[in-house]
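Notebook open, coffee poured. I wanted to go through the chain contacts first and the local oddities afterwards.

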Number of protein chains: 4
Amino acid sequence: MKQLRIAIIGYGFMGRAHSNAYRKVNNFFDLEYEPFLKAVCARSGDKAVAFAKRWGYESVETDWRRIIERDDIDAVDICTPNNTHAEIAIAAAKAGKMILCEKPLSMDGPEGVKMVKAVEKAKVPNMVWYNYRRVPAVTMAKKLIEEVRLGKIFHYRAKFLQDWTISPDLPQGGAGLWRLDAKAAGSGVTGDLLAHCIDTALWLNGGMESVSAMTETFIKQRKHTLTGKVTKVEIDDACAFLARFKNGSLATFESTRYARGHKALYTFEINGEHASIFWDLHDLHRLQYFDHKDEGKLRGWRSIHVTDHGGEHPYMDKWWVPGLQIGYEHSFIHQVADFLESLSTGKPAGPTFRDALETQYVCDAVLSSAKKGSWQKVKAVGR
Amino acid sequence: MKQLRIAIIGYGFMGRAHSNAYRKVNNFFDLEYEPFLKAVCARSGDKAVAFAKRWGYESVETDWRRIIERDDIDAVDICTPNNTHAEIAIAAAKAGKMILCEKPLSMDGPEGVKMVKAVEKAKVPNMVWYNYRRVPAVTMAKKLIEEVRLGKIFHYRAKFLQDWTISPDLPQGGAGLWRLDAKAAGSGVTGDLLAHCIDTALWLNGGMESVSAMTETFIKQRKHTLTGKVTKVEIDDACAFLARFKNGSLATFESTRYARGHKALYTFEINGEHASIFWDLHDLHRLQYFDHKDEGKLRGWRSIHVTDHGGEHPYMDKWWVPGLQIGYEHSFIHQVADFLESLSTGKPAGPTFRDALETQYVCDAVLSSAKKGSWQKVKAVGR
Amino acid sequence: MKQLRIAIIGYGFMGRAHSNAYRKVNNFFDLEYEPFLKAVCARSGDKAVAFAKRWGYESVETDWRRIIERDDIDAVDICTPNNTHAEIAIAAAKAGKMILCEKPLSMDGPEGVKMVKAVEKAKVPNMVWYNYRRVPAVTMAKKLIEEVRLGKIFHYRAKFLQDWTISPDLPQGGAGLWRLDAKAAGSGVTGDLLAHCIDTALWLNGGMESVSAMTETFIKQRKHTLTGKVTKVEIDDACAFLARFKNGSLATFESTRYARGHKALYTFEINGEHASIFWDLHDLHRLQYFDHKDEGKLRGWRSIHVTDHGGEHPYMDKWWVPGLQIGYEHSFIHQVADFLESLSTGKPAGPTFRDALETQYVCDAVLSSAKKGSWQKVKAVGR
Amino acid sequence: MKQLRIAIIGYGFMGRAHSNAYRKVNNFFDLEYEPFLKAVCARSGDKAVAFAKRWGYESVETDWRRIIERDDIDAVDICTPNNTHAEIAIAAAKAGKMILCEKPLSMDGPEGVKMVKAVEKAKVPNMVWYNYRRVPAVTMAKKLIEEVRLGKIFHYRAKFLQDWTISPDLPQGGAGLWRLDAKAAGSGVTGDLLAHCIDTALWLNGGMESVSAMTETFIKQRKHTLTGKVTKVEIDDACAFLARFKNGSLATFESTRYARGHKALYTFEINGEHASIFWDLHDLHRLQYFDHKDEGKLRGWRSIHVTDHGGEHPYMDKWWVPGLQIGYEHSFIHQVADFLESLSTGKPAGPTFRDALETQYVCDAVLSSAKKGSWQKVKAVGR
């Protein structure tokens with residue numbers, strides 16, 4: 001078994017999700033490579049030590065530059081706030097490290113371009129953690145489209161609804177809340193939630209041409225955790241946009257943290273000439289499927305419990321038995337498995353930095369459209 | 001257009017449901033016959049007059065014997081409490097009237113036999129209002145079974161759950177509450193609710209061989225509305241039974257008025273070798289269908305919105321457009337349409353009295369089994 | 001009982017739905033007025049006669065001007081294609097007739113203004129058949145909002161999805177297909193389907209400020225039934241728009257006839273500070289409700305079967321018993337009941353022509369936005 | 001951190017589920033103890049070695065007696081076929097090992113009694129892997145009942161439906177198929193699936209008094225994998241029974257491997273005076289809850305996504321963020337966490353062998369009832 005020596009930078013929510021994936025992947029997947037948890041890096045040494053102990057990291061660093069310098073590290077996993085991705089990734093690329101970067105790739109398109117150039121120049125394997133592609137039901141949606149089950153696509157609609165920032169008493173910024181701080185996050189729901197929706201959409205439905213967007217910040221001022229002062233909220237609390245795809249289909253996208261009753265309701269639906277697909281993160285192990293080719297009187301939306309074996313349902317023959325569901329964390333395990341597999345095959349595991357740049361360009365167009373109040377073209381990513 | 005002159009006896013809930021069906025059927029169905037609302041009969045003259053006015057009955061009677069005697073009446077519709085069905089039906093048959101009788105047919109099997117003999121001797125068209133057979137989704141279930149979609153049947157399970165008698169303050173007996181009075185109703189949930197489940201089951205799955213049942217009366221005493229006294233409750237509040245069908249399938253049946261949260265949840269599910277069916281009265285316009293012959297990875301329960309035209313979905317081409325649902329009352333309209341059609345074709349519209357006698361025999365076996373604590377054979381109905 | 005003598009113009013799908021409502025309303029509602037079906041008008045005398053016979057209309061006309069002239073008509077019900085509404089309604093108003101007009105009110109705002117002026121000058125009761133307001137679950141949504149259950153509204157989202165025009169072989173224009181002919185319909189899904197969504201939204205969420213829309217015609221040419229020639233399709237097959245309401249909420253609206261798998265899926269969801277509501281025409285008897293004030297661990301979307309009595313659920317005490325659902329047609333019966341009630345009380349039954357004009361202004365802004373590719377203000381309706 | 005040195009006997013489906021739990025528990029739970037994977041035992045040395053390598057077991061044995069003899073083992077985990085549980089467990093108890101035994105406890109009640117006596121005499125911690133108690137939604141159901149939310153219980157109904165043995169070509173016996181071999185399994189669905197339903201029911205609803213059951217073997221003969229001969233199938237393919245609980249409630253239970261369309265549909269519903277609960281293994285992260293104390297017009301079944309933090313939803317604060325679901329395997333992790341916790345607190349983690357014996361007595365009564373065709377009392381477990 002070959003070892004992939006990993007250093008993780010950041011120990012928050014995503015640090016746990018990725019570490020869990022590294023630890024479990026070889027129990028379930030037969031692979032040539034296995035992750036070796038070499039180091040964790042965090043500014044707080046105490047927290048890094050505690051994290052290393054819990055997850056089995058061999059060593060601890062408090063400056064990410066030390067990670068880059070160490071020659072016993074093969075791959076760097078970036079789990080820090082968005083505004084730090086570029087600097088770390090570019091340095092890591094220069095040092096010849098593979099990079100697994102949390103999403104969104106960057107603060108904006110121009111920054112993303114630099115990151116893409118860096119990894120491509122260095123020829124290092126690179127991947128962005130848009131994990132929802134590897135939920136089995138979503139992967140199956142991709143396969144159904146590739147098998148031309150849907151025919152010409154007419155409509156795509158996606159939303160990602162949450163309700164955790166409705167209270168005006170919630171502060172902005174600081175540990176666990178940097179997603180509410182525009183300086184750290186770049187944007188609000190657009191980069192945090194819509195980026196997921198956009199990544200999936202580009203993967204399933206191809207490139208986007210143009211968008212018309214609106215954003216809103218419902219709570220105008222919040223206390224900032226770091227300064228203690230009440231300051232203007234700079235992020236978007238909600239964002240909705242219309243889009244036209246290159247394949248001629250029309251789309252609507254929406255995201256908000258003010259949709260009472262929804263915790264993490266990411267849904268998408270695709271309507272094709274022959275068939276339609278619907279998926280919902282709140283019941284992620286199911287795919288809804290409608291096929292017009294079914295006999296007339298028996299047509300109906302099928303609720304497919306995506307838990308079968310025998311290669312029928314993506315990734316599921318690695319797990320339990322039909323009918324027994326897996327959860328959110330498994331999407332990360334699948335992504336690690338595919339990344340490790342890619343080291344053997346030499347075929348990149350998507351989304352690469354370049355793939356993720358395309359999402360960044362859509363986000364840029366969305367934010368620009370909302371600001372200007374006009375339709376905006378989406379910048380093309382060279383291929 | 002030929003007229004069928006109808007007299008209805010009883011003006012309660014079912015009196016309304018039937019009257020509505022008579023009034024609407026020819027607006028939607030093309031038939032040779034149309035109902036003419038000749039008379040309504042009720043002991044209270046005032047109430048009969050009010051009912052006649054509201055629904056357009058031409059005349060009023062306060063003694064059902066007068067209805068039988070009148071020679072301007074073709075058909076008698078019996079909507080009175082269960083303990084009166086036999087006497088009225090037998091008299092009506094002797095007078096040569098067609099009979100549409102509310103369910104259950106009778107207080108028990110022996111009484112039912114007399115009714116069957118009376119209508120068959122008189123050769124009068126006869127039908128019992130087990131209306132759920134004519135919910136389009138249920139009729140379609142019947143068709144799917146006839147088309148041998150399910151293959152060998154392994155399992156049948158049905159339940160009818162309500163929650164309206166949980167309060168100990170609810171009285172028994174009297175207007176609107178005769179269903180709680182064993183003298184008027186014969187039994188509790190067995191004859192009121194399970195009889196529906198049994199009728200559908202016999203229709204869809206054939207004859208039943210034997211049963212093992214249990215019943216319970218949770219509230220032992222209630223004030224009786226008519227006497228004002230607190231007396232023993234004689235009906236069954238809940239009844240569940242196991243059954244074996246002649247086709248080798250196993251079944252469970254359950255009914256109660258103590259299932260908090262369910263208003264009128266009649267559901268049935270049939271599991272066959274190749275396919276399964278599920279239906280639910282709370283969403284009666286849908287049929288759930290699973291077909292093992294579907295391609296493996298795309299198998300799932302289909303939620304069929306039974307509202308299509310073109311003969312695809314039973315009865316639905318008479319109504320609105322696909323996607324627009326009909327309701328409870330339409331099952332009665334369909335039953336009237338089929339009854340009127342049967343007068344033209346000469347082919348009886350089921351369930352006839354003889355069909356309903358079979359349900360009665362199952363109820364007898366169920367109540368006997370519960371009383372004796374042992375399995376009971378179901379008496380056969382000659383054909 | 002006072003009689004309201006009605007003449008109906010048009011005998012298509014809506015002619016049936018309205019006639020059914022007129023015939024049934026007094027069987028279930030206690031009202032001072034009852035409809036008297038005085039006349040039906042259609043260009044084809046034979047069809048009018050057949051319709052009159054089926055539904056019990058006393059007389060037949062083949063020129064709508066004759067209806068206007070007759071002094072034995074109190075109210076005119078306009079069920080003809082959209083391009084004829086204005087002329088008939090204005091003439092009827094001048095003749096002092098009450099008017100019940102099918103939706104949408106008019107071909108566009110300017111035409112609608114003339115209609116509003118005519119009925120208001122003539123002081124005749126007037127109403128537009130946006131029937132979905134009277135689905136009990138939708139009426140209950142209105143009550144919950146009036147009771148301030150939701151608090152500040154953040155989001156509104158509605159869609160109306162169909163799939164019946166995907167085949168390129170479907171012709172445009174002619175009987176039953178005038179909805180595909182821009183000359184008769186004015187627009188495609190915008191006036192046909194989105195108008196319903198907009199009417200409900202304005203009723204539930206107040207006025208709209210501005211919109212950004214896109215439309216598409218997927219099949220560019222179709223054979224025209226009347227001419228036999230293949231001509232350009234002028235209607236919008238799909239339309240989606242972003243909107244901002246006056247109350248500060250953000251909205252998305254979408255409609256299409258190319259959403260495979262959906263027959264008539266009109267859904268809306270409202271997210272408020274404290275509670276959220278979701279409704280779906282495919283299961284119209286249910287309301288989904290989430291209340292953040294529920295105890296934390298027990299919070300969840302409630303599936304309310306809107307069939308209770310005792311005034312709890314709007315209109316439902318007129319129908320059957322809890323748990324037994326009603327259907328699409330009942331929304332029209334409720335609307336007739338409310339209209340008849342309004343004649344007694346003198347309080348108009350909405351939506352009036354003026355109410356419906358507001359919907360027209362939104363449609364105008366939507367179509368203009370789609371054409372120009374820019375945000376458009378919605379014209380204000382004076383009140 | 002104290003180490004619990006574990007030896008696992010058997011490396012099949014459950015061997016994997018348990019090993020995964022041991023490896024993950026300390027990543028997510030803060031506990032005094034951590035499992036140390038000391039040894040795996042299997043008759044096939046090669047398979048044992050491969051399993052040890054994959055899951056990190058330190059050593060390998062091919063005779064379980066060696067495990068018992070080793071003094072570097074604290075706890076034995078029995079994952080072998082049912083007919084071996086007693087011998088291994090009794091020997092382990094005598095050797096002073098803690099025991100975690102797969103369900104069902106034993107082949108029958110008398111054998112179970114011996115096991116209970118052995119562990120209680122040896123005073124070793126003992127537990128049976130009825131893992132569904134630790135699905136968060138199920139644990140929450142238990143809490144709701146303890147909080148007296150439901151009031152008096154009227155009804156309990158459970159079923160466990162599968163469809164994997166419908167094909168007559170499926171052989172019986174041998175690796176992976178010992179569950180179809182009566183000699184290894186003791187019974188069919190009764191011990192395999194109904195035992196789960198019974199364990200949960202006894203936990204949630206208290207003791208059972210009496211049962212009336214029926215069983216069926218649909219495919220009478222199957223080829224036996226080990227002998228290659230077609231022999232009689234001795235197990236029950238399906239089993240249904242009626243039950244009366246000590247608290248006066250009525251129950252129905254059903255299990256089968258012939259319910260086309262259901263992979264592992266374990267559901268239970270409890271109807272109480274004030275509230276009802278429904279749960280479903282196919283969507284295990286949800287609990288359906290109906291509370292009659294809700295305001296009348298807003299009563300409905302709540303679909304609770306059991307993924308909240310802050311102690312609101314059992315176990316969930318150890319995992320991800322609200323809205324992100326966990327899966328089947330987590331029930332085992334929770335059970336290990338509770339077992340490790342019990343070593344610190346000294347309070348046993350249920351179900352103990354004695355708890356599981358009660359389930360065995362119900363199974364005995366069920367099988368006896370089915371054989372004799374009569375109601376059977378359930379033997380009492382002394383406490």
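Below are my entries, interface by interface, then rings and backbone.

**Ground rules**

I am working on a predicted model, where local features need pLDDT of at least 70, side-chain atom pairs count only at pLDDT 80 or more, and totals for chains, interfaces and linings use all residues. Residues are numbered from 1 along each chain as its sequence is written, chains are lettered from A and ligands numbered from 1 in the order in which they are written, and side-chain values use heavy atoms, with hydrogens and water left out.

**Entry 1: chain A against chain D**

I started with contacts, meaning heavy atoms within 4.5 Å. Chain A puts in 39 residues and chain D puts in 39 residues. Next I looked up buried area, the accessible area (1.4 Å probe) that two parts lose on being put together, summed over both. For chain A and chain D I get about 3,300 Å², with 46% of that from carbon and sulfur atoms.

How many salt bridges are there between chain A and chain D? I count eight, taking a salt bridge as a side-chain nitrogen of Lys or Arg within 4 Å of a carboxyl oxygen of Asp or Glu. One I wrote down is Lys24(A) with Glu329(D), where the closest N and O atoms sit 2.2 Å apart. Polar contacts came next: a pair of N or O atoms within 3.5 Å, where within protein one must be able to donate a hydrogen and the other to accept it, and residues adjacent in sequence count only if both atoms are side-chain atoms. The rule gives 37 residue pairs across chain A and chain D, both residues at pLDDT 80 or more.

Which elements of chain A touch chain D? Helix 1 (13-28) and helix 2 (45-55) of chain A each supply at least two residues to that side. My helices (H or I, at least four residues) and strands (E, at least two) are DSSP runs, numbered from the N terminus. Helix 1 of chain A gives the largest share, nine residues. By class, I find 16 nonpolar, 12 polar and 11 charged residues on the side of chain A that touches chain D. Here Ala, Val, Leu, Ile, Met, Phe, Trp, Tyr, Cys and Pro count as nonpolar, Asp, Glu, Lys and Arg as charged, and the others, Gly among them, as polar.

For symmetry, I superposed copies by least squares on the C-alpha atoms of residues with pLDDT of at least 70 in both. Chain A lands on chain D after a rotation of 180° with 0.0 Å of shift along the axis, RMSD 0.0 Å. In chain A, the C-alpha nearest that axis belongs to Gly327(A), 2.4 Å away from it. The copies meet through the same surface, because 100% of the interface residues of chain A are also interface residues in chain D.

**Entry 2: chain D against chain B**

This contact takes 41 residues from chain D and 41 residues from chain B. The buried area is about 3,400 Å², 60% of it on carbon and sulfur atoms. On the chain D side, Met214(D), Leu242(D) and Arg260(D) lose the most area to chain B, together 21% of what that side buries.

I count four salt bridges between chain D and chain B. Glu254(D) with Arg157(B) is one I noted, closest N and O atoms 2.7 Å apart. The polar contacts come to 21 residue pairs, both residues at pLDDT 80 or more. Strands giving two or more residues to the side of chain D that touches chain B include strand 8 (208-216), strand 11 (238-245) and strand 12 (250-256) of chain D. Strand 11 of chain D gives the most, six residues. That side has 19 nonpolar, 14 polar and eight charged residues.

Chain D lies on chain B after a turn of 180° and a shift of 0.0 Å along the axis, RMSD 0.0 Å. That is the relation of a two-fold axis. Ser374(D) has the C-alpha of chain D nearest the axis, 2.9 Å from it.

**Entry 3: rings and backbone**

I searched the whole structure for aromatic pairs and got 128 over all chains. Phe13(D) and Tyr328(D) have ring centres 6.2 Å apart and planes at 15°, so I logged them as stacked. The rule pairs rings of Phe, Tyr and Trp (its six-membered ring) with centres within 6.5 Å; planes under 30 degrees apart are stacked, over 60 edge-to-face and the rest tilted. Phe13(D) and Tyr328(D) are 315 residues apart.

I also found a cis peptide bond between Lys103(D) and Pro104(D), omega about -5°. Pro104(D) lies in the loop between strand 5 (98-101) and helix 5 (109-122) of chain D. In chain C, the bond joining Lys103(C) and Pro104(C) is cis, with omega about -10°. Last note: Val148(C) is not a glycine, but has a positive phi of about 60°. I placed Val148(C) in the loop between helix 6 (136-146) and strand 7 (153-161) of chain C.
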